[in-house]
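Student: I should like to examine the model shown here and ask how its description is justified.

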Amino acid sequence: MAPALITVEITVNGKLRSAAVEPRTTLVDFLRDSLGLTGTHVGCEHGICGACSVLLEGDPIRSCCMFAVQADGMAVTTVEGLAPERGRLSKIQDAFCETHALQCGYCTSGMLIACHALVEHTPQPDEAQIRDAIGGNLCRCTGYQQIVDAVKLGTQPGYTVRADPVKRAATPENTVVPGASNG
Amino acid sequence: MADAMTDNGGFKYIGKHRRAVEHRRFVSGQGRFAADIVPLGLLHVAIVASPHASARIVSIDTSKALALPGVHAALTGDELCPAIEPMLPGVDAMQVKRYPLARGIVRYAGEWVVAVVAETRALAEDASELVDIVYETTPHVVDAEAAMAESAPQVHPALGSNVIYRRQFVWGAVDEHFAAAAHHLEYRVRWARSATVPIETFVVTCAWNDATRLLDIWASIQMPKFPDLMAKCLRLPGNGVRVHFDVDVGGSYGVKRGLKHSVLVGYLAMKLGRPVRFLEDRLENMRGGDMQGPDRIFDVSLAFDGDGTIRSMRMRAIDDIGAYAGRSPLQLGKPVGAIVGPYRIASVAYEAVSVMTNKTPQEAVRGFGQAPTNYAIESGIDKVARFLGLEPVALRRVNLIGKDEFPYLIPSGTHYDSGDYATVLDKALAAASHPELVAKRAELRAAGLLAGIGVSTCLEPSGGNSAFEPLFNPKNQTTTWMDSCLVRIDLNAAVTGVMGTSTSGQAHETLVSTVLGEIFDREPDSIRVVHADSLNALPSNSPVGSRMAIMLGGAAAGAAKILRAKLVRLGAHNLQLDDAEVRYEGGDVVSRADPSRRMTWDALVEIAHRHYHKLPPGMEPGLQEKFVWEVPTGGSLPTADGRIQMYPCHSFESHVVLTSIDPQTGGVTIHRYVCGHDCGVMISPDVVHGMTYGGISHGIGAALLEKFAYSEDGQLLSGTFMDYLLPSAQEIPPITIVDHCTPSPLTEFGQKGSGEAGYLGSVAAIANAINDALAAHNTSIDFLPMTPQAIWRTLNATALPKENA
């Protein structure tokens, strides 16, 4: 009596991804379970907390309130797709690190999605605009202050990302033991 | 703390801005939360819960559920309960047993009755809808005061009463002080049932291995002695469970004590021989997760003189803990350690009454009862001020313990270690600024709004231990509340610190690496901190009671200091010098007389790991040290009259708030929010500030929005986020924090704990602000939450028929 599976094709973080899902599978469960993209989180499954926020064709939506089949043929960006490239951070991600805009990290993915969407449309938002944009993302750790600070900081003209790109060192220090072989 | 060996004055890393090391993974979506861990062959649980507040289970038919393909089990209490040990309360009431599933009787709407296990969560939910349960409802009680009556329906008949704990404490000459005082006033305030409601629900995955006979557990846990209790309940030896503490926990703030969830899943994993996961959905979490918070009625009398000096206090706290008891009765005990707040009140009578009703059980919530108690005390301070016609700030100044009076002994036996309450209050008032608030308040009133300024001055006890256990249960003689750290410097000269418990946003990796960096004088970002599992961890008592900066920070420092001394010994030995003739400098050991003679960090590491012939006699090879220690001031039992040193260190906060109320709607706007905060030396200021903002946000929610409301039938009315309202960035105003520092004499760096910062004084200040606004209408609101409807009704009380608050 298993429901018939439907194949969906969704562009996720720039790559065409496909999986066979039940019609009732939500978009967030597709992302997490079918694609292993566990950066998007589930908090309420009734569209209030915003932890599941992703960008759908550039707009933030609640992926817990949408079926994967509804996103067939569309483009989704998750938190894993916000950085300019692997090992680097976007300005907003970097600013979050600078102002301590997160603690447990659970709402952070959705919060970043909302902030990126805001900044895409409003490059230098004021406090009211920021609070409005993240008004649909609940956080129980931070009291929002440092998140607002992060968006203000990260949208200042000339803000440069301070986080080091993650790179493999050419020769790690201290591995060469003079006059001895390894082991 | 200056260190003679390093010649550094002050701190190099402690107290500085530093990016938390945890950030990188969370902003990239690379966190590892419990639901992200998916062992092969994972099965999923869905719960069938009781719809009734009190009922006898007549029959359970799981046949249709089991017939569904992909369903592996439909577990009932009849099978589960005899196979495990019950969870017991923290007070001496062994008749109040608690199991993950009901057996024969359900005691609250939402209590778990059947656990269905299937290949997918969706399938498990499909199957759970096919379970047929016949109930016969029985009388229930949902009001705490009604439940105290002998004739009330008994939640646990075996106990003989719904009052699971009751004790009257009298510290000092209360009756005399009341008789001698010029005035006294009585009041009642009610702290509504709310909780910290993390955005991540509770999740637990267990996997049992028949060959190794080991139960692996990944859970979003924040709980002392969780591995030990799991083993005990599942009748496994202590080394038969392995809790993985390296799971990122999505917020907890006290509540994630998912013992019943974990015992259930552990049993299922052992029964089925496959990994099993229970991931609470939000509905299960709100109603049956047993993570609701204190639900209190405070009846308070204050005795005071005409000049405002408060002589004595009588307080009775009735706490509705719901249908079962975990640590919840003890939540009435912790506030004993700061029962007079920051005031010089000479005597106190405190009666703690813990009552069971047919509602969802209560769990530990941030502050473990201190926030409601502070609300009760601070409400009284403002009432006294109003009575005497004194300004609330002025009245506080009359009573605040002075900075030269520390360590200050309060009537219930705790010494406050250090503080300067008046200065913190002054700083908060200045930052507001208070004269500007007064002017703004007048403006708002002139514009037709009600407006009020509220101040609170509240203790934040820290360094949590379990001194309230023996206080409330003489059969429990636990006085050890240790924590630990293992530090190693590896073959490649890199430093790693190992901690033995879970983290839920407190940035412990940052804390430990900062401390280790400070002691070793090495770059903290080069130091890695990992979480052990419960088999290879040194003992820990979890991040509770604002203890980790003190205890984990102290343990990390302790281990690092031993290691550093070893490096000095090793270096001196290889320089043919005495220890006193060398200096430790950034990881190198240098001759004081001739600085060109030095042993570098790398050279010392190589000797320790590889050149045994160069070690001083008797020195252990390698570079690894542990440090395990008892909480400062811990180790004593309470006196017969219930006096005890509760927590060691005492942080302090003073909130100053300006609010307005729209008389048409009762809606509240917060115009200005300032918090003065003193937690001694801050190891990670950004982290401390973050905690404080977050705590204030919890407080605003508890004050204005949040309540687990129940109908007369014991049905939870606010079981979703559409009804249980969490504040968003629109409800939380910009907040200003001003810091002060009175170091603790008891800790390594002078740090005090601050994990509960903001929450402990926030509700009190907001309530005082609203009541300052309502005073102009000769009325007050003495219960939470102060929703628009509640405020509107208060303002229009004469026009409305009487109804329950």
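**The interface between the chains**

Tutor: The area buried between chain A and chain B is about 4600 Å², with carbon and sulfur atoms giving 54% of that value. Please keep in mind that this is a predicted model.

Student: What makes the pair A:Arg32 and B:Asp36 a salt bridge?

Tutor: The N to O distance between these side chains is 2.8 Å. The rule asks for a side-chain nitrogen of Lys or Arg within 4 Å of a carboxyl oxygen of Asp or Glu, so the pair A:Arg32 and B:Asp36 qualifies. Across the interface of chain A and chain B, the rule finds 5 salt bridges.

Student: How many residue pairs are in polar contact across the interface of chain A and chain B?

Tutor: The rule finds 24 such pairs, both residues being at pLDDT 80 or more. On the chain A side, helix 2 (91-99), helix 3 (108-121), helix 4 (127-133) and helix 5 (145-154) each supply at least two residues that touch chain B. Helix 2 of chain A gives the largest share, 5 residues. By class, the chain A side divides into 23 nonpolar, 19 polar and 13 charged residues.

Student: How many residues does each chain bring to the contact?

Tutor: Chain A brings 55 residues and chain B brings 58 residues.

Student: What share of chain A counts as buried, and why is it called so?

Tutor: Of the 183 residues of chain A, 51% count as buried. They are called buried because their relative accessible area is under 20%.

Student: In what order do the elements of chain A run?

Tutor: From the N terminus, the order is β-β-α-β-β-β-α-α-α-α, and chain A has 5 helices and 5 strands.

Note on methods: Residues are numbered from 1 along each chain as its sequence is written. Chains are lettered from A and ligands numbered from 1 in the order in which they are written. This is a predicted model: local features need pLDDT of at least 70, side-chain atom pairs count only at pLDDT 80 or more; totals for chains, interfaces and linings use all residues. Side-chain values use heavy atoms; hydrogens and water are left out. Contact means heavy atoms within 4.5 Å. Buried area is the accessible area (1.4 Å probe) that two parts lose on being put together, summed over both. A polar contact is a pair of N or O atoms within 3.5 Å; within protein, one must be able to donate a hydrogen and the other to accept it, and residues adjacent in sequence count only if both atoms are side-chain atoms. Helices (H or I, at least four residues) and strands (E, at least two) are DSSP runs, numbered from the N terminus. Ala, Val, Leu, Ile, Met, Phe, Trp, Tyr, Cys and Pro count as nonpolar, Asp, Glu, Lys and Arg as charged, and the others, Gly among them, as polar. Buried means under 20% relative accessible area, exposed over 50%, partly exposed in between (1.4 Å probe, protein chains only).
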